[in-house]
Amino acid sequence: MRLLNILALLLLLSLLTGSPLCAQVTFGSSGAEGEPFRRQQWRVPSPDTDIAAHALLFRPLGAGPFRLAVIAHASTQNVLRRAQMPQPEYRALAASLVARGFAVLVPERLGHGATGGRYVEDQGGCDEADYARAGRATAEEISFALDYLLKQDFVRKDAAIVIGHSAGGWGALALADADPKMISAIIAFAPGRGGHANDEPNRICAPHALVAAAAEFGKTARIPVTWIVAANDSYFAPAFSKALAEAFHSKGGKVDFRTSSAVGSEGHWMIETDAGVKAASQDLDRALKPVAAKKP
């Protein structure tokens, strides 16, 4: 009986993470616009040519062209949690960006939720974590989605921004070596990987490896980064986050490190809440001001 249960679980995982068979891959909008903020389902390219990544698009009224903001979501090493993850939305943050004139794309990366497929961002075990490789894999996924949206008529071809959260923020740091004309700013909320090791607050897998990878990203960084962490973040506490930011800066990365007030019971999720977006509003304004100054 136990063997049957194990086989059933393996079958479920294969269905959740496997590539769709004989499915035609199409990109673009996949549903009507709705509320709020012209919310619309989209499918965008991924590194797996057989899988279109699910995404949500929000945008202001009118035809544009709008500046583009791509929000890169958090992740987990737990395969079941990833498979069961609801489509990321970041509605409060998206609302704030739409109000600033941005079209906002929130793509779901491979190995997560409805997109499924192979999880290409795997950092490996705690003792041999390869955080640089994982970050670059995330950056590649962000790039696939961003490049596709930049080809749309309602999006400007320059001055895009990338906002990353946790593992998504870590991928955004790895993307800081991109063309500054295409991506003008990166905003990373509590970027990192390996936090809450074994589900324990304030414990990080191989923290020295994370610091070394941040320094590696800084060597090639060309895009300015605003780094924001809440005072009560137990995944990457402000003191450790500052050490990461300093490692990134020490090798040439341009970074503006900011600590916000405590938000809710766990500050790591601040950017998913109305209160967190409000707490970060001044830092967002400061980071986006150079973007706003650019003319279409």
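**Exercise 1. Aspartate 283 lies in helix α9 (residues 281–293); decide whether aspartate 283 counts as buried or exposed, and state which residues it touches beyond its sequence neighbours.**

Solution. The model is a predicted one.
- Step 1: the relative accessibility of aspartate 283 is 10%.
- Step 2: the cut-off for buried is under 20% relative accessible area.
- Step 3: aspartate 283 therefore counts as buried, at 10% relative accessibility.
- Step 4: with residues up to four places away in sequence not counted, aspartate 283 touches Ile228 and Arg258.

**Exercise 2. Give the strand order of the open sheet and name its edge strands.**

Solution.
- Step 1: the open sheet is formed by nine strands, and its pairing is mixed.
- Step 2: the order reads β1-β2-β3-β5-β4-β6-β7-β8-β9.
- Step 3: β1 (28–29) and β9 (255–260) each pair on one side only, and these are the edge strands.
- Step 4: a parallel pair within the sheet is that of β7 (residues 183–189) with β8 (residues 225–230), joined over four bridges. Here isoleucine 187 stands opposite threonine 226 in β8.

**Exercise 3. Describe the surroundings of strand β3 (residues 53–58), covering its burial, its pairing with β2 and its pairing with β5.**

Solution.
- Step 1: six of the six residues of β3 are buried.
- Step 2: sort them by face. Ala53, Ala55 and Leu57 are on one side, His54, Leu56 and Phe58 on the other, and both faces are covered.
- Step 3: turn to the pairing. Strand β2 (residues 40–44) is antiparallel to β3, with five bridges; tryptophan 42 has alanine 55 in β3 as its bridge partner.
- Step 4: strand β5 (residues 102–107) also runs antiparallel to β3, with four bridges. Leucine 57 is bridged to leucine 105 in β5.
- Step 5: add the helix. Helix α3 (residues 91–99) lies across β3, β4 (67–72), β5 and β6 (160–165), and runs at about 155° to β5.

**Exercise 4. Identify which residues touch the most other members of the largest nonpolar core, and list the contacts of leucine 68.**

Solution.
- Step 1: the largest nonpolar core has 55 residues, and Leu68, Leu105 and Leu149 touch the most other members.
- Step 2: helix α4 (residues 131–149) gives the most to this core, namely eight residues.
- Step 3: with neighbours within four places in sequence left aside, leucine 68 is in contact with Phe102, Ala103, Leu105, Leu146, Leu149, Leu150, Val155, Ala160 and Ile161.
- Step 4: another core, of 29 residues, lies apart from the largest one; among its members are Phe58, Ala185, Val263 and Met270.

**Exercise 5. Classify the packing of helix α5 (residues 167–174) against helix α6 (residues 207–220), and say what covers the buried residues of α6.**

Solution.
- Step 1: two packed helices are described by the angle between their axes and the distance between the axes.
- Step 2: for α5 and α6 the angle is about 40° and the axes are 9 Å apart.
- Step 3: this angle makes α5 oblique to α6.
- Step 4: α5 contributes Trp170, Leu173 and Ala174 to the contact, and α6 contributes Leu210, Ala213, Ala214 and Phe217. By class these are seven nonpolar residues, with no polar and no charged ones.
- Step 5: the buried residues of α6 are Leu210, Ala213, Ala214, Ala215, Phe217 and Gly218. Their cover includes α4, α5 and α7 (238–250).

Conventions
Residues numbered from 1 in each chain as written. Predicted model: local features only at pLDDT ≥ 70, side-chain atom pairs only at ≥ 80, totals over all residues. Heavy atoms only, no water. Buried < 20%, exposed > 50% of the residue type's maximum accessible area, 1.4 Å probe, protein only. Helix = DSSP H or I, 4+ residues; strand = E, 2+ residues; numbered from the N terminus. Pairing = 2+ DSSP bridges. Core = buried A, V, L, I, M, F, W, Y, C linked by side-chain atoms within 4.5 Å. Contact = heavy atoms within 4.5 Å. Axes fitted to C-alpha atoms, helices over the stretch in contact; angles between N-to-C directions. Parallel < 35°, antiparallel > 145°, perpendicular 65-115°, else oblique. Nonpolar A, V, L, I, M, F, W, Y, C, P; charged D, E, K, R; others polar.
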